[in-house]
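Here is a friendly walk through one protein chain. Please keep the viewer open while you read, and turn the model as each residue comes up.

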Amino acid sequence: MSKLYQTLENRENVDEIEANGPYLCNRSDAWLGPGYYYWEAFIYWAHHWGKTCYGLGNYVICETLLDLKTISILNLLDPENLYDFQECINAIQHLYPSRKLTVPVVIKYLKEHTSFPYVAIKASGLLSPINIDSNRYIKFNPTMESVLDLRPQVQICLLEKSVIGDNNFKVIFPQEYASGYAI
């Protein structure tokens, strides 16, 4: 089971959140298009997003446990999926040479022009520019710039809310809202 975290604004409505979550993200700048966004594995990113978007102390983090092996995922961390994704980018650029392509534009094209069998999309972003001196990275070799990201920003975008099942969305932060729920 994978731990997935969704960050929401704290409106002191925990019961409503747990009854109705996860919540759809329809923002125009969503990394992977419309969907139910989670951070995978690293709660650090859920806190980072909360502090950045809502301010310190003004957010809640919800957890969903999901066996990702049981659902169909377009995994943009997998080399084979990335190769196919790049082929799609090339095809779109050939058809529409002046079109500005972003990840959500390519995903939307795939949904509209292919038999898109996925209920989720998985991707990892990189901060730009990368500060390789931070404790988030470790060099593979001291004389090279290549690094291993020890805390990758892995996002899971569920396209269907039903994938998580019932009673699988619990507030775990802040602690006072997580009554009886172990973190």
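Is Val105 buried, partly exposed or exposed? With a relative accessible area of 22%, Val105 is partly exposed, because the buried class is reserved for values under 20%. Please keep in mind throughout that this is a predicted model.

**Around Val105**

Val105 belongs to helix 4, which covers residues 103-113. Leaving aside residues up to four places away in sequence, Val105 touches Arg99 and Lys100. Ile92 is 13 residues from Val105 in sequence, and the C-alpha atoms of these two residues are 9.8 Å apart.

**The chain as a whole**

Let us step back to the overall fold. The protein chain has 4 helices and 9 strands. Read from the N terminus, their order is β-α-β-α-β-β-α-α-β-β-β-β-β. Along the principal axes, the C-alpha atoms fill a box of roughly 55 × 45 × 30 Å.

The chain has 183 residues, and 39% of them are buried. If you take the contacts between residues at least 6 apart in sequence, 71% of these contacts join residues at least 24 apart. The chain exposes about 11,100 Å², with carbon and sulfur atoms supplying 52% of that area. As for charge, there are 15 positive and 20 negative charges, and the mean positions of the two sets are 4 Å apart.

**The largest pocket**

Which residues lie closest to the centre of the largest pocket? The pocket itself holds about 650 Å³ of space. It is lined by 28 residues, and those closest to its centre are Thr7, Cys25, Arg27, Trp49 and Tyr54. Several elements each give at least two residues to the lining: strand 1 (2-9), helix 1 (14-20), strand 2 (36-40), helix 2 (43-54) and strand 8.

**His47 in helix 2**

One of the elements that line the pocket, helix 2, also holds His47. Is His47 buried or exposed? His47 counts as buried, because its relative accessibility is 18% and the cut-off for buried is under 20%. Beyond residues up to four places away in sequence, His47 touches Tyr59, Ile61 and Phe173. Tyr23, in contrast, is 24 residues from His47 in sequence and 17 Å from it in space, C-alpha to C-alpha.

**Backbone features to check**

Phe173, a contact of His47, also takes part in a cis peptide bond, the one leading to Pro174, with omega near 0 degrees. Pro174 is found in the segment after strand 9 (170-173). A second cis bond runs from Gly21 to Pro22, again with omega near 0 degrees. Pro22 has its place in the loop between helix 1 and strand 2.

Two residues other than glycine have positive phi values. Ala41 has phi near 75 degrees, and Asn167 has phi of about 50 degrees. Ala41 lies in the loop between strand 2 and helix 2, whereas Asn167 lies in the loop between strand 8 and strand 9. Ala41 is partly exposed at 46%, while Asn167 is exposed at 70%. The C-alpha atom of Asn167 is 26 Å from that of Gln153, although the two residues are 14 places apart along the chain.

The table gathers the relative accessible areas of the residues discussed so far.

| Residue | Relative accessible area | Class |
|---|---|---|
| His47 | 18% | buried |
| Val105 | 22% | partly exposed |
| Ala41 | 46% | partly exposed |
| Asn167 | 70% | exposed |

**Pro152 and its contacts**

One more proline deserves a visit. Where is Pro152 found? Pro152 is in the loop between strand 7 (147-149) and strand 8 (153-158). Which residues does Pro152 touch, not counting those up to four places away in sequence? Pro152 touches Phe42, Trp45, Ser124 and Arg136. Lys51 is 101 residues away from Pro152 in sequence, and their C-alpha atoms are 18 Å apart.

Notes. Residues are numbered from 1 along each chain as its sequence is written. This is a predicted model: local features need pLDDT of at least 70, side-chain atom pairs count only at pLDDT 80 or more; totals for chains, interfaces and linings use all residues. Side-chain values use heavy atoms; hydrogens and water are left out. Contact means heavy atoms within 4.5 Å. Buried means under 20% relative accessible area, exposed over 50%, partly exposed in between (1.4 Å probe, protein chains only). Accessible areas come from the Shrake-Rupley method with a 1.4 Å probe; for residues, only the protein chains shown count as cover. Lys and Arg count as positive and Asp and Glu as negative; His and the chain ends are not counted. The place of a charge is taken as NZ of Lys, CZ of Arg, CG of Asp or CD of Glu. On a 1 Å grid over the protein atoms alone, a cavity is a set of points where a 1.4 Å probe fits but cannot get out, and a pocket is an open set with protein on both sides within 12 Å along at least five of seven lines; lining residues have an atom within 4 Å of a point. Grid points are joined across faces, edges and corners, and a volume is the space filled by probe spheres set on the points.
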